[in-house]
Each structure stands twice: as C-alpha cells, then as structure tokens.
Amino acid sequence: KMAAVAGGAAAALWSEVNRCGQNGDFARALKSVNKILQISKDDVTALQCKVVCLIQNGNFKEALGVINTHTKVLTNDIIAFEKAYCEYRLNRIESALKTIQSASQQTDKLKELYGQVLYRLERYDDCLAAYRDLIRNSQDEYEEERKTNLSAVVAAQSTWEKVMPEDLGLREATYELCYNSACALIGQGKLNEAMKKLQKAEELCRQSLSEDSDVTEEDVEAELAIIHGQMAYIMQLQGRTEDALQLYNQIIKLKPTDVGLLAVIANNIITINKDQNVFDSKKKVKLTNAEGVEHKLSKKQLQAIEFNKALLAMYTNQADQCRKLSASLQSQSPEHLLPVLIQAAQLCREKQHAKAVGLLQDFADQHPANAAEIKLTMAQLKIAQGSVTKACMILRSIEELQHKPGMVSALVTMYSHEEDIDSAIEVFTQAIQWYQQFQASQTKGANPKSPVHLSLIREAANFKLKHGRKKEAISDLEELWKQNRKDVHTLAQLISAYSLVDPEKAKVLSKHLPSSDTMSLKVDVDALENSHGATYVRKKAGKLTGDNQQKEQGQGDVKKKKKKKKGKLPKNYDPKVTPDPERWLPMRERSYYRGRKKGKKKDQVGKGTQGSTTAGSSELDASRTASSPPTSPRPGSAAAVSATSNVIPPRHQKPAGAPATKKKQQQKKKKGAKGGW
C-alpha cells in the first residue's frame, strides 16, 4: 500500500515537472524534481531533470556540483553535454574540451558546443572545420546562426592571425553577418570598404529592430553600440582621432552592459590620449578592470590593454607600478618585445641609459630572433647619449639589415657626421658585395644588376667623388657605364676620375663623348627672352621707313648735338692759382695737416672728475691765498668763515687773464654738460 501511494505521488510530481517544463517555469519544476528525489534519490531521470532546471535558471555551479556528486549514476555518456556546457559557462574552457572529447558519442549538440569551445581557445582552423561540417550535415532553423559563427571565425583569423579570408559565399542578409564581414576587411586593412559594410549593418539592425514594437530607441542604440565602436576604431586608424573620440564617448554615455565592449573602447581612448590628458586615462583604465573582461576578449586584446596600463604608469611617474606590470607581461610572454622596451623606456626616464642598454643587450642575446628590433633601439639610445660610433657598431651587427638601402644610408650619414669616410665607404662596399653574391646564387651565367644594386653603386660612386676619392670611384663608375653605355653623365665622371690616374685612358674614353653638334640644344633665344620669367627682354629691331625713319634719325642728331653740362665752380675760385692736388682727401689725411691748435686757456681748465687736481690747481686753491687762515677751521665755524671771507670759492673763480674766452666756455658748457655742478 505504501509503495502504491508513493508511486501515485511520484506520477503526479512527474506530471507537474512536465507541465512546468513546457511552460518554461523551471523554478517550479525544480521543486517538483527535488520532491521526486526525496522519494528516489538515485533516480537518473530526476537527476538529469534537476541539472537541466539548474542550467535553465543560470545556476551552473550548482548543476555541475550535482553532476560531480552523482558520478556513479550520471556517467559521462549520459550527461556529457550538460557537464561540458556548465564548464563552458563557468569559463573552464579546457575542462569543457576534455569532457567533449571523452564522450563516446558525438551528438549534434556536442558538436555545436565543440565549435564554441574551439573559438574561445582561439583554435580558429579547427573551429572553421567544425562549423563547416555542422553546416554541411545539418538542416534546421539554426542554419543562420551557424553561418554567423562561421563568419566570426573567418573575421578572427583575418584580425588576429593576419590570414587572408576565403570567400565563403555567405549572403549578408543580417546585420551580424555584415558586421563580421566588416571585421574581416579591417584585418586586411581595407578600411573604406569596412566602413561601408558597417553602415549597411547599422541599417539592417535598425530595420530588424523596428519590426518589434516593444523595442525602444535606447534599446536600438544599445544594440548598435558594438557597430559604432567598430566605426570609431576605423576612424582612429584613419587618423580621424577627434571623430573617433567623440563616438567613443557617446558609446560610454549609453552605459552598455557588455564589459568587453567598454574595456576595448576605454583602451582605445587611452591610446588616443597617449601621454596627454592622463587624468582622463586613469579614469578610463578602471573600465578595463571590470569583472569578467578576461573572458570576453581575445588574448591579444587583453595583452594590448596590459601594455597600455604599463605605459600609463610610466607616463604618470608610477615607476614601481610600471616595472611590476612590465615584469608580469614579460613572464607571460618571454619572447615579446614590448615588455622589455617599456622597462628600458622607464630606465631612460630615470636617466639610467647604461642600465637600459644592458637590459636590451641581455634580451637580444636570449632571443636572437628578435635581436634586430632590440638592437635598433639600443642604437637609438647610444645616439641620444652622443655615442654615434658605438651606435654604428650596433647597427652593423644586425646582419639581416646590413644590405638594406635604409640601413646603408643611415650608417653612411652617421659616419660622415663623425668624418669617418673610410668606414662609410666600407659600408657601401659590403652592401654591394652582398648583392653581387645574392644575384650570383639566383642566376646562372648572366649576372644582371637589380635596380637596388645599381642604385647602391651609383650612391657609392657619388659619395667617393664628393669626398675626393676619385681613384676609388673608378671601379663603380666603370660598372655603371658598362650597364648603360648611353649614360653621358657617368662617362663624364669616369673621364674626370681617370684624368688623375691614367690621362691616356681618359683621352680614349673621351672619344665616346657625343659631338658638340649632337649636344647642342635647339633653343629659340627670342622666345626665351620674351618669356614671362625673363628678367631682361631685348627690344626687337624693326625696319624703319618714311617719317618714322626720319624721326629716328632726327632724334639721333639731337642726341649727338647734346653737350655735357658744365659743373659748378667754387665762389672763391681763382683760375690763376693752381688747385690743391690733395683737395679730394680728408683734411686729416693731407700732408700739410698739423692738427688743431690748442689754446692756452684750455690747458688751465681741469678736465678730470670733480675734485681732481690739474696743472693750474695751485692758482685756483683758495687755501693758498693771503687772506685764508693758516689752519682748517673748526666744524662749528664753517658758516662764519664763508660769510666773512672775501675769497671766491674754487668753482666760481675764473682763471686769471682769460676774460676773452668766458662766452665761449659758457656756450660749450651748455652744449655738452648734463649733470652740472
């Protein structure tokens, strides 16, 4: 009887579970399932239903706990999909992959989940193959979603792996497909085409959402946020930073729920700010630290954000934070260049250039594959320190770049700056030899010169000629003339060089110069002189006839009869007296000049500073007169002495015997004196 009652109760509960499941009321269905499990705790169907109800309610951790607790009953063959899905949603991607691969039977559901897991693991080639298989072998209402996922894989390959995407022949009928196609074009660098695709995606998105009457304008803008974010990214790549920044800020004001989108936009704003507006950058960097960001972005996106955090710490003078972040990045990617470059930059800001160079040298020794870029940075630091010769040595140690025209040009310029012409010529020689050996290995028999090779030879020859090394330039010039016998300029240079070494050879070569007739330029002199840019225009000599001819002749006669006007003579000119032959010379340069006569009065006037003595000071000294007291007066009697004495003070006393020069002296004083007594 008890068993019958229990069976009837269980049947009623199962009926309730079925009804709630069909209505989507999984919370109520879970209560019924739990009651069933109280009756039969190891009921496999009830346990499966409980796991499904928990998944539908978003309780992935609890669902996985139920699976792991009942492993004997819920074997991997029975519950593989649910277990893998819970692990996937809990971001345990590696565990989900193992669960899928350990399943004995690969159902369609597992294959769909397998494609998602591969995408999250960034195994794009395997993911592409999985979705192609699904599309080929599936026919249901989810075909459009599978095509969207397939296009997303192609876009990721183009963006992160720089793989040229193949044309999948997908009809871009939805805004998701248009968006993914635009992302693939961005990866190829086709920015204008990508912008057109995004504009089409925006139009399709608005059309799609307008069909739903419950969707508001805010909902539409929120859905368009990711499309607008990609548009702003294209603007930033095109150099339209102001437009990009405005669009980025508009998206942030919408406060989208996608933390990945917010993190990417905040990072891009930080890259626009660079070392400016660091306060805004410090606010934006908080958006990149939101919970769950690491599960929304690719590894390269996360790495770029961490790099920018380290650079921002350097720009804000947070040296310890910068070192900590860059060291963490280097431990994650030991072969990556940026962490060590950031550390070196921080050391340079701290004026530790030698330590920075040492750090870069250690990295170059440990990672020879990346040594070229590191050595270029080391050379730049040496130049900044003024060690140009050491910088040249570092650059010449980069074997894979020694023959490049840019490297040759840089080295020659630097050696010329240091006036080391021999080393500069050696750089040319090594580069030319490299091209000779390379072309010899590529061709058999004939050895034609490439344009780059010939250009190097010509530059070497011109450099040697410029620095007076004509003898050394002969071999280069001969090689150039051998390649082009019609090159008159090279032939002239060769003759000039041989003229110092072998005049006979120069004479023989000069026979190859074109004749003067062939070298003459057919120039219309009249047209040239009458051109707009001519500074002098010759008047055309036309024929004169009749009255005009007589008029011109008459004017000529007038011009001939016109006499030169006589110059004016001085008023006191005497024709009987011979003019002074030195009258054209300045007075001081004439032989009879004896200088200006000095008057007796001038010798008697003091010319020094106020209070200084002169030759006539004894005559002007009032203390030597008969009426002055023999000793200096007491301080208290100075005024009395000045009042009762008949002696004139020195500054008012005029020199004896000089009344005739008084007026002249007064005029001179008025003209020149500024301070006065």
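Colleague: Which helices are included in what covers the buried residues of α27?

Modeller: Quick heads-up: this is a predicted model, with residues numbered from 1 along each chain as its sequence is written. Local features need pLDDT of at least 70, side-chain atom pairs count only at pLDDT 80 or more, totals for chains, interfaces and linings use all residues, and side-chain values use heavy atoms, leaving out hydrogens and water. Helix α27 (a DSSP run of H or I, at least four residues) spans 488-501, and L491, I495 and Y498 are among its buried residues (under 20% relative accessible area, 1.4 Å probe, protein chains only). Their cover, meaning contact with heavy atoms within 4.5 Å, includes α25, α26 and α28.

Colleague: Which helix gives the most to the largest nonpolar core?

Modeller: That core (buried Ala, Val, Leu, Ile, Met, Phe, Trp, Tyr and Cys joined through side-chain atoms within 4.5 Å) has 41 residues, with L360, I374 and F463 among those touching the most other members. Helices α19 to α25 each supply at least two residues. With eight residues, the top giver is α24.

Colleague: And which domains does this core lie between?

Modeller: Residues 329-401 and 404-512 make up the two domains (bounds from an automatic or database assignment). Both give residues to the core, so it lies between domain 4 and domain 5.

Colleague: How far is K382 from the nearest side chain of opposite charge?

Modeller: K382 sits in α21, where its contacts include V357 and I394. It's buried yet has no salt bridge (Lys or Arg side-chain nitrogen within 4 Å of an Asp or Glu carboxyl oxygen). The nearest opposite charge (Lys and Arg positive, Asp and Glu negative; His and chain ends not counted) is D362, at 13 Å.

Note on methods. The expected span of a helix is 1.5 Å times one less than its number of residues. Buried means under 20% relative accessible area, exposed over 50%, partly exposed in between (1.4 Å probe, protein chains only). Lists of a residue's contacts leave out its neighbours within four places in sequence.
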